[in-house]
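Dear colleague,

I am passing on the structure we spoke about, and below it you will find a summary of what a look through the coordinates turned up. Please read the summary with the structure open beside it.

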2 protein chains.
Amino acid sequence: MSLLVVGSVAFDSVKTPFGEVEDALGGSATYLSTSASYFTDVSLVAVVGDDFPDKHVNFLKMRKIDVRGLERVPGKTFRWKGQYGFDLNEARTLDTQLNVFESFKPKLPEEYKDADVVFLANIDPDLQYDVLDQVRSPKLVALDTMNFWISGKRDSLIRTLGRVDLLFINDAEARQLTNEPNLVKAARAINSYGPGTVVIKQGEYGVLLFHSGGVFSAPAYPLESVFDPTGAGDTFGGGFMGYLASTLDFSEPAMRRATIMGSVMASFNVEDFSLNRIRDLDYKEIENRYREFKRLAHFDDLPA
Amino acid sequence: MSLLVVGSVAFDSVKTPFGEVEDALGGSATYLSTSASYFTDVSLVAVVGDDFPDKHVNFLKMRKIDVRGLERVPGKTFRWKGQYGFDLNEARTLDTQLNVFESFKPKLPEEYKDADVVFLANIDPDLQYDVLDQVRSPKLVALDTMNFWISGKRDSLIRTLGRVDLLFINDAEARQLTNEPNLVKAARAINSYGPGTVVIKQGEYGVLLFHSGGVFSAPAYPLESVFDPTGAGDTFGGGFMGYLASTLDFSEPAMRRATIMGSVMASFNVEDFSLNRIRDLDYKEIENRYREFKRLAHFDDLPA
């Protein structure tokens with residue numbers, strides 16, 4: 001009942017119409033681990049530079065995240081700078097400095113190799129493949145990727161997907177990966193690459209889950225105040241996989257609940273900059289928002 | 001228990017990546033009336049030219065639509081020509097010929113003036129206002145509009161909205177009308193103009209219903225084959241309002257069911273060009289697809 005997360009830990013500088021932050025804690029693995037930590041034990045594999053302050057490591061430990069796989073090497077931590085307009089759906093990247101992340105070779109501590117559930121966050125698909133060579137017999141492997149790898153390392157990505165059960169991807173990337181504008185057909189094409197389950201993230205519009213048992217459409221929570229969408233997709237993935245890892249029930253009803261749980265976590269995350277809103281949630285808040293999703297999506301059967 | 005529909009009847013020439021049609025039956029009032037006719041009696045007010053063939057009038061009569069308000073005048077019928085790319089969400093208008101529609105002054109036959117439910121489809125907001133002067137005491141008035149009127153006749157539109165209960169609008173138009181990027185705030189601004197209920201259409205992403213009882217998020221049906229999205233919004237509105245008019249139950253649960261019923265009808269409409277798919281549906285097909293929406297959106301409560 002533990003989740004292994006491999007990805008990036010970074011400093012983000014983000015500007016939205018509602019404010020800005022500089023060198024705030026970010027990175028796919030950070031959002032994923034923090035979000036998942038509300039549901040299950042999490043082991044983190046990532047790399048940071050010698051400029052990474054102890055307070056961030058202590059925060060991760062406070063969330064009971066196992067950081068033995070968080071490598072610290074000489075140099076600077078990965079930095080990303082981006083800006084959002086009033087249409088908060090897409091970030092404009094202003095600057096990317098890979099720094100120590102450029103030579104990241106994920107190496108799993110011995111204690112991590114029996115992980116039940118593995119989340120390969122958005123990194124080079126060849127590195128994702130190498131991680132899978134290091135885990136012994138995972139029960140579920142999930143992968144996230146992005147347009148950069150789809151266009152630049154498509155063959156590597158397809159090779160890695162052959163060992164993956166569950167793909168997280170956004171709608172534009174699903175179309176790009178499969179060259180298929182229709183999402184139903186795109187999901188079926190992705191099934192043929194390996195993943196039996198495809199989770200298509202649609203930003204402010206919600207999520208489509210394609211599973212052998214059928215299609216599930218999850219709404220996004222209509223928030224009155226969205227401050228910063230950075231990390232929403234990873235926070236979603238963390239809630240989803242953390243919830244699944246907590247019970248090891250991978251049935252379709254469980255996947256649907258996991259989709260909502262991911263959406264719940266993402267809905268909190270966008271309410272503040274960086275990880276601020278999901279640093280210290282009360283589990284009751286999480287359950288209450290799950291119930292609000294239930295009300296949001298509810299409609300009656302037709303009267304007989 | 002009848003629905004009055006005022007809008008356009010037109011000939012559409014449409015090209016999509018999957019085929020094309022020329023001078024096919026179209027127009028907002030046509031889609032609305034046909035879709036609504038599966039649920040309630042419909043009275044139609046629109047104008048056509050002397051080139052409008054009897055076969056189309058006979059089709060409307062076959063659907064038991066009251067066409068006494070369908071004016072026929074010398075000249076040519078309204079024509080629209082548009083094209084869709086693989087992204088079927090937005091049409092590129094190639095040509096618009098208003099023709100007889102340019103001097104359309106809706107005049108309600110005496111028998112229409114007691115209509116319970118009124119749908120003012122997308123026409124000049126001053127004409128929509130005039131229609132409301134002609135109906136005696138409608139129980140529910142709905143209005144649809146578009147960017148053209150929002151930018152060109154905003155004051156007229158706001159004046160008309162003061163007499164409207166329910167606004168159908170897409171997300172970009174809701175933002176344009178209220179100058180508010182956040183849809184929750186946009187819906188609240190629209191409430192302040194008059195309509196207590198706001199239905200925000202999001203194309204392939206579904207629909208948001210803002211009602212005093214809360215927010216409802218309805219999914220769109222993920223179709224494997226979408227041939228022509230023309231008229232999807234009007235078909236949605238027709239199913240929604242036809243369903244409401246059939247029971248005159250305007251409670252929040254009824255509005256939620258109506259949202260799904262509209263989505264059901266729209267999901268059929270996009271499966272073929274023009275009105276072809278909704279010309280002669282079996283009511284069982286409609287009920288079955290409603291059930292499929294139920295499965296699409298279902299997720300369980302959290303285990304206790």
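A salt bridge is counted here when a side-chain nitrogen of Lys or Arg lies within 4 Å of a carboxyl oxygen of Asp or Glu. By that rule, a search of the whole structure, which please note is a predicted model, gives 44 salt bridges over all chains. One of these joins A:Arg159 to A:Asp126, with 3.3 Å from N to O. Because A:Arg159 sits in helix α5 (residues 154–161) of chain A while A:Asp126 sits in helix α3 (residues 125–134) of chain A, this pair ties together parts that are 33 residues apart in sequence.

What do the two chains share where they meet? On the side of chain B, 39 residues are in contact with 39 residues of chain A, and the area buried between the two chains comes to about 3600 Å², with 58% of that given by carbon and sulfur atoms. The interface between chain B and chain A also holds six salt bridges by the rule above, and among them is the one between B:Arg175 and A:Glu204, whose closest N and O atoms are 3.4 Å apart. As a general point, side chains of opposite charge can pair when their charged atoms come close. Polar contacts across the interface of chain B and chain A amount to 20 residue pairs, counting pairs in which both residues are at pLDDT 80 or more.

The elements of chain B that each give two or more residues to the side touching chain A are α6 (171–178), α7 (183–193), β13 (214–218), α9 (252–269) and α10 (283–297). Of these, α10(B) gives the most, with seven residues. Sorted by character, the residues of chain B on this side divide into 21 nonpolar, five polar and 13 charged.

Turning to the fold of chain B, there is an open sheet of nine strands with mixed pairing, in the order β5-β4-β1-β8-β9-β10-β11-β12-β13. Its edge strands are β5 (65–72) and β13 of chain B, each of which pairs on one side only, and neighbouring strands of the sheet are turned against each other by 15° on average, with direction ignored.

Within this sheet, strand β10 (residues 166–170) of chain B pairs with strand β11 (residues 197–201) of chain B in the parallel sense, over five bridges, and B:Phe168 stands opposite B:Val199 in β11(B). Two helices of chain B may be worth viewing against these strands. Helix α7(B) lies across β10, β11 and β12 (207–211) of chain B and runs at about 140° to β11(B), whereas α9(B) packs on the sheet by touching β10, β11, β12 and β13 of chain B, its direction making about 20° with that of β13(B).

Finally, there are the hairpins. In chain A, strand β6 (residues 79–84) and strand β7 (residues 91–97) run antiparallel and are joined by six bridges, with A:Thr96 in β7(A) as the bridge partner of A:Trp80, and the hairpin passes from β6(A) to β7(A) through six residues. In chain B, strand β6 (residues 79–84) and strand β7 (residues 91–97) pair in the antiparallel sense over six bridges; here B:Lys81 has B:Asp95 in β7(B) as its bridge partner, and six residues lie between β6(B) and β7(B) in the hairpin that they form.

With best wishes

Conventions:
Residues are numbered from 1 along each chain as its sequence is written. Chains are lettered from A and ligands numbered from 1 in the order in which they are written. This is a predicted model: local features need pLDDT of at least 70, side-chain atom pairs count only at pLDDT 80 or more; totals for chains, interfaces and linings use all residues. Side-chain values use heavy atoms; hydrogens and water are left out. Contact means heavy atoms within 4.5 Å. Buried area is the accessible area (1.4 Å probe) that two parts lose on being put together, summed over both. A polar contact is a pair of N or O atoms within 3.5 Å; within protein, one must be able to donate a hydrogen and the other to accept it, and residues adjacent in sequence count only if both atoms are side-chain atoms. Helices (H or I, at least four residues) and strands (E, at least two) are DSSP runs, numbered from the N terminus. Ala, Val, Leu, Ile, Met, Phe, Trp, Tyr, Cys and Pro count as nonpolar, Asp, Glu, Lys and Arg as charged, and the others, Gly among them, as polar. Two strands pair if DSSP finds at least two bridges between them. Axes are lines fitted to C-alpha atoms, for helices over the stretch in contact, and angles run from 0 to 180 degrees between N-to-C directions.
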